[in-house]
Each structure stands twice: as structure tokens, then as C-alpha cells.
Amino acid sequence: MDIALATDWFNLLSRWFHITAGITWIGTSFYFMSLDYSLKAKPPGAPGADGVAWEVHGGGFYHVQKYLVAPDNLPPDLLWHRWAAYLTWVSGFILLVAQYYLNARGFLIDPAVADITPAQAIGLSLASIVVGWLLYDTLCKSPLTNHPTVLALVVFGMVVGAAWAFGQVFSGRGAFIHVGVFVGTIMAANVFLVIIPNQRIVVADLIAGRKPDPKYGKIGKTRSTHNNYLTLPVLLMMVSNHYPMLYAHPHSWLVVAFLLVTGALVQHTLNRHEAQDPWQSYGWAVPVAAIALLLAMFVTSQRPKLDLAAAGQVSEVQALQITATHCVACHARRPTQDGVTEAPKNVILETSADLRRHAASVIQQSVQSRAMPLGNQTTMSDQDRAALGAYLAGLK
């Protein structure tokens, strides 16, 4: 097996691993958040569990009980839902290495944004992962914890600020995926460094016959809620590399801001519905989420446009010369670019017939969004993009 094929398999298996672990973690998280909101509280002063729920699934009936602190006795076979979170982060980091670190010049770096080396880009990436968690954790241990809404707004500002900062050093694709890495690390670290350790303290107190301190449950609940509200936005960040309309926008941080609001408010609507709250108390979130989404769509439609008319009359020979210089190394029947064994998405751009067949994709990827060439390694100029766009727009 040659190196290029081995690299493709490494990327594919990493992605499969990440998707599998992520689905498991998110499914568990959504289930327990839904369960929390749907529990029926016990009457004041009544003994036993603090909340109960009856559920039906797969032909069976389930009677679930929740203790806010813990019962007097715990069974020896207590289940800990933690490995899905850990493996999601581990698999995500492996995928980050496979997709962005091993191909830093193509996916992580854009010389037009910052002319840095792969080692510098990877160093900045690793530093952002650590600094992001430390900053978030500091905020969650500050007096802001007494004001949950204010804390949520500050965290929102931190994520949007990180999105802007990533856009100053990485390619559009690299910046957007790092917002997902930034948030995903916070979520996984919440489980690994806060939620599970706090639960272990509670369990140890129970085994020793001590009454657990309820503060540990409160802290864990706060972090778990943050994770819940960040889930939908981070999922979108993780698939953003398929949509240059998002990451290739010059103000992608603003797109991130609107998508954070949209995802969080959709999740809020789901949560309050599960809690059976009256619609009047949370219905406002639906139109606000819709407005935020429309604003995100509006922002992506306002990208700077190339003046195709200024390119004048562009011949087929000129267009093919442009694609030969900037595209054909990858998009050929026999690619010559290192690490590329087959034309991506089977888009081949060697002949005029090829250009005609894939005109819409080329306009989207290379003219409108500037997403291609990867990392603009061939330094394709706006003049070349406009000329190629003018030629393709004239095809019938």
C-alpha cells in the first residue's frame, strides 16, 4: 500500500471513529438532558427519589428515578457514562492530525491570511486548545457562576472572539474547523475534568458514610447544561469544511455568532418542550432563532464579488491555461499533486468539455468563495479568478 492510499485510509477510519463516538456521546447527552427536563418532582417532604419518569421504548417500560444528591446506598454496578465523551475528543484530535496537521499547507494555512509555516500553524492550533479550556474554566470558577445568563453571554463572546482570532492566522477552512475544536475541547474537558471527578467525590462520600456536598452536583449540572447548548453549533462547525459559503467568507466570525445563537435557541426550545413548560414562556426563542439563521444566510450572500466584466473576453485557451496552472495538479485523470491519487469528487478540469461539465462547481469553489485551490498554494490571483469566472459564465 502506497503512502497516499494509506493516508486516505487513516483519514477515513479517523472520521468513522469520530462520527461513531460522537453519535454515542451526543445521544447519551441528549437523552439525559431530556430525562432531566421530563422528570416529575416528588411532593414536598416525601421520601425517596427527587424525580421520577415512566418511559416506553422498544416494547418495554422503564421506571427512571433521579436523586439530586444521592441515595443512602449505591449498588456496586454503578454505570458511568464517560467513555463516549473521551473517545469523541480523542478521535476528533486524531482526525485533526490526519486532515489538517498532515496537510497543513493545503487545509490549515493560507498565505494571503498569514504566511506561516506548518510547524507554526500546528503550534498555534495546539496552544488554542489549551488556552481555550483554561480561559473557559477560569470563567466558570469566577463569581459569574452566580449569574448563569451573564456567564453564558461571556462564553458566547469568548467563542466568537476565538473565531475572529482563528481567521487572522488560519485559512478559512482551518479557522472554522478550529471553532469546532475549541468548543469540542471545552465540552469534553467539562466531562473529563469536572463532571466525572465531581461525581467520584460524591460516590466516595457515600461509601465513607458522609453526606455529599450538593455543590458538586450543581457545578456538574452547570457544565452539562453548557455542553447541551453548545452541541448543535459545534456539530455544524464540524461539517463546515463541506460548505465554503461558511468558512470562505471574509467575516466568518459573524457567521459563527449567528449560528451559535440559532443552535442554542433551537436547543432551548427542545429543552423547554421536554420540560412541558407553557409555550408562552419559551416560544420567543423560535422566531429569534429563525432571525439569527436568516442573518447568517444574509451575511454569506454579501461576500465581495469579483468584477467578471472587467476580465473582458476570455478565450478557451486562456481558461484552460488558468486551470492548468491552478487546478489540474489535483483535478486530473492522473493527478501530480503529492498525496492526491484521484481527482477530488471526481472533478476533472483538463479539457473544455470538463470545464463545461463542472462549471457550476468551479464558479462556486474558485470564483465566488475562493475556497480552491486548497490553501491557495498556487497563489491564484483575483484577476485569474475573474477571468475563469467570465469564461465559465459565458458557456451555454
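# Inside the helix packing

Tutor: Val256 counts as buried because its relative accessibility is 1%, under the 20% limit. Keep in mind that this is a predicted model.

Student: Okay, where does Val256 lie?

Tutor: Val256 is the buried residue we just met, with 1% relative accessibility. The element that holds it runs over residues 252–274. That's helix H9.

Student: Which residues does Val256 touch, leaving out those up to four places away in sequence?

Tutor: One partner is 19 residues off along the chain, with its C-alpha atom 8.4 Å from that of Val256: Met237. With the sequence neighbours left out, the full set is Ala163, Phe176, Val179 and Met237.

Student: How confident is the predictor on average for this protein?

Tutor: Residues scoring at least 70 make up 98% of the protein. Among the elements, strand S1 has the lowest mean, 83, and helix H4 the highest, 96. Over the protein, the average pLDDT is 87.

Student: What does the fold consist of, in helices and strands?

Tutor: The chain has 396 residues, and 43% of them are buried. The C-alpha atoms fill a box of roughly 85 × 50 × 45 Å along the principal axes. As for elements, the count is 15 helices and three strands.

Student: What share of the contacts with a separation of 6 or more comes from residues 24 or more positions apart?

Tutor: Take the contacts in the protein whose partners have a separation of 6 or more. Then pick out those whose residues are 24 or more positions apart, and the share is 67%.

Student: On to helix packing: at what angle do the axes of H5 and H6 cross?

Tutor: Two packed helices are described by the angle between their axes and the distance between the axes. Here H5 covers residues 148–169 and H6 covers 172–207, and their axes come within 9 Å. The crossing is right-handed. Its angle is roughly 145°.

Student: Which residues of H6 make that contact with H5?

Tutor: H5 brings Met158, Val159, Ala162, Ala163, Phe166 and Gly167. By class, the contact has ten nonpolar, two polar and no charged residues. On the H6 side, the residues are Ala175, His178, Val179, Phe182, Val183 and Ile186.

Student: How about Gly180 in H6, buried or exposed?

Tutor: Gly180 sits in helix H6, and its C-alpha atom is 9.5 Å from that of Ala163, 17 residues away in sequence. Leaving aside neighbours within four places, Gly180 is in contact with Val234, Met237 and Met238. Because its relative accessibility is 0%, Gly180 counts as buried.

Student: And Gly157 in H5, how does that count?

Tutor: Gly157 is found in helix H5. The C-alpha atom of Ala85, 72 residues away along the chain, is 25 Å from that of Gly157. The relative accessibility of Gly157 is 37%, so the residue counts as partly exposed.

Student: Which residues have the most contacts inside the largest nonpolar core?

Tutor: That core has 57 residues. Its largest share, 15 residues, comes from H6. A separate core of 16 residues includes Ile322, Val347, Met380 and Leu388. Back in the largest core, the residues with the most contacts are Leu108, Phe176 and Phe182.

Student: Further along, is Ala332 buried or exposed?

Tutor: Ala332 lies in the loop between H12 and H13. Leaving aside neighbours within four places in sequence, Ala332 is in contact with Ala343, Ile348 and Glu350. Its relative accessible area is 3%, so Ala332 is buried.

Student: How far apart are the C-alpha atoms of Ala332 and Asn146?

Tutor: Along the chain, Ala332 and Asn146 are 186 residues apart. In space, their C-alpha atoms are separated by 59 Å.

Student: What is the phi of Asn346?

Tutor: Asn346 sits in the loop between H12 and H13. With a relative accessible area of 57%, Asn346 is exposed. Although Asn346 is not a glycine, its phi is positive, at about 60°.

Student: Last one: where is Gln276 found?

Tutor: Gln276 is another residue other than glycine with a positive phi, near 60°. Its relative accessibility is 57%, so Gln276 counts as exposed. Gln276 is found in the loop between H9 and H10.

How values were computed. Residues numbered from 1 in each chain as written. Predicted model: local features only at pLDDT ≥ 70, side-chain atom pairs only at ≥ 80, totals over all residues. Heavy atoms only, no water. pLDDT = per-residue confidence, 0-100. Helix = DSSP H or I, 4+ residues; strand = E, 2+ residues; numbered from the N terminus. Axes fitted to C-alpha atoms, helices over the stretch in contact; angles between N-to-C directions. Left-handed = near helix turned anticlockwise from the far one by under 90°. Contact = heavy atoms within 4.5 Å. Nonpolar A, V, L, I, M, F, W, Y, C, P; charged D, E, K, R; others polar. Core = buried A, V, L, I, M, F, W, Y, C linked by side-chain atoms within 4.5 Å. Buried < 20%, exposed > 50% of the residue type's maximum accessible area, 1.4 Å probe, protein only.
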